[in-house]
Amino acid sequence: MKMENIGFIGLGNMGYPMAKNLEKSGAHLSVYNRTASKAVGLAKKTHVAKSIDEVVNKSDVIFTMLTNDSAVKEVYEAILPLPLKGKLFVDMSTISRDTSLAIAQVIATKNAGFLDAPVAGSTGPAADGTLIIMVGGDYQDLQRATPYLSHMGKTIRHIGENGKGLAAKIAINYFLGAIYQGLAEMTLFADTLGIDRQTMLDIVNLSASGSGATKAKTPKLVEHEFAPAFSLDLMLKDLRLAESAGADFPIGRAMLSTYTGASIAGLGKDDVMGVIRFLAEQYPV
């Protein structure tokens, strides 16, 4: 397979390490970010484009990793008027299926391909290239993208047609929201019983209730340090996406109330595990 020219748009907390892994793979890479300083640290061989047009025109396969529906719409509004025949777009953002499907339909009329390929994993797996990538779209397009996706993720799973990758991502983040709120509540409860946090969380992580999620968040809970790996506001965004997609369950309603309250209280830029600070204020002991 010939080496194609690769574009990457969106160099945020997740996008930058993902683009860095493409760079390390030897890909012919062009990148764009609205804030150009986010490209600092990329190698000289990586082309830092000055516009969306420039990166798209130079590239055969273009990855986008953006914050929300609004950001994705803004970027693709700039992309869609361009000559796109034969190009493949892989949007790795977590957005609504309606937005993604609308973009996919227009891309198809331009004789180009589109995959929704959101990821499970935060900044650590993004840096390590061990994300789980859930893909919706044409299988042949996925085969074309796989040599590049394989440098960003340890598992690439084709879920089905366009929109199915996002469906899987919204579902798993719904579950993660429950894990994080449950972990925060358990920690506060153990605090009231006089159990040392490190001891309690060690027990959790050694037990059947432990997981990669609980292990990753243990240092934040022990050290009371909530610099964002995945922000609380992003979790709230994903829970709202789940609600819009039809998730109407008791735990979901409780999570929306909690994370909304935490965001209103000014904790939205904290790591999602900062929800414990809100719960501690609401339910003092």
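How many aromatic pairs does the structure hold? In this predicted model, the structure holds four aromatic pairs. One of them joins Phe-8 and Phe-63, whose ring centres are 6.3 Å apart with the planes at 25°, so the pair is stacked. Phe-8 belongs to strand 1 (residues 5–9) and Phe-63 to strand 4 (residues 61–64), so this pair ties together parts that are 55 residues apart in sequence. Phe-8 counts as buried at 0% relative accessibility, and Phe-63 likewise counts as buried at 0%.

Another of the pairs is formed by Tyr-76 and Phe-89, with ring centres 6.0 Å apart and planes at 65°, so the arrangement is edge-to-face. Here Tyr-76 lies in helix 3 (residues 69–79) and Phe-89 in strand 5 (residues 88–91), so the pair ties together parts that are 13 residues apart in sequence. Tyr-76 is buried, with a relative accessible area of 1%, and Phe-89 is buried at 0% relative accessibility. Ring pairs also link Tyr-76, Phe-89 and Phe-114 into a cluster.

Turning to helix packing, the axes of helix 7 (residues 164–192) and helix 9 (residues 212–223) come within 11 Å and cross at roughly 45°; the two helices are therefore oblique to each other, and their crossing is right-handed. On the side of helix 7 the contact involves Leu-176, Ile-179, Tyr-180, Leu-183 and Thr-187, which meet Ala-213, Thr-214, Lys-217 and Leu-221 in helix 9. The residues of this contact divide into six nonpolar, two polar and one charged.

Three exposed residues are set out below, with the element or loop in which each is found.

| Residue | Place | Relative accessibility |
|---|---|---|
| Asn-111 | loop between helix 4 (97–109) and strand 6 (113–116) | 54% |
| His-224 | loop between helix 9 and helix 10 (232–244) | 53% |
| Ile-251 | helix 11 (residues 250–267) | 54% |

Backbone geometry is of interest for the two loop residues: phi of Asn-111 is near 60°, a positive value in a residue other than glycine, while His-224 has a positive phi of about 55° although it is not a glycine.

For Ile-251, the point of interest is its contacts, since at 54% relative accessibility this residue counts as exposed and yet, with residues up to four places away in sequence not counted, Ile-251 touches Tyr-174 and Ala-178. The C-alpha atoms of Ile-251 and Tyr-174 are separated by 9.5 Å, and the two residues are 77 residues apart along the chain.

Methods
Residues numbered from 1 in each chain as written. Predicted model: local features only at pLDDT ≥ 70, side-chain atom pairs only at ≥ 80, totals over all residues. Heavy atoms only, no water. Axes fitted to C-alpha atoms, helices over the stretch in contact; angles between N-to-C directions. Helix = DSSP H or I, 4+ residues; strand = E, 2+ residues; numbered from the N terminus. Parallel < 35°, antiparallel > 145°, perpendicular 65-115°, else oblique. Left-handed = near helix turned anticlockwise from the far one by under 90°. Contact = heavy atoms within 4.5 Å. Nonpolar A, V, L, I, M, F, W, Y, C, P; charged D, E, K, R; others polar. Buried < 20%, exposed > 50% of the residue type's maximum accessible area, 1.4 Å probe, protein only. Phe/Tyr/Trp six-rings, centres within 6.5 Å; stacked < 30°, edge-to-face > 60°.
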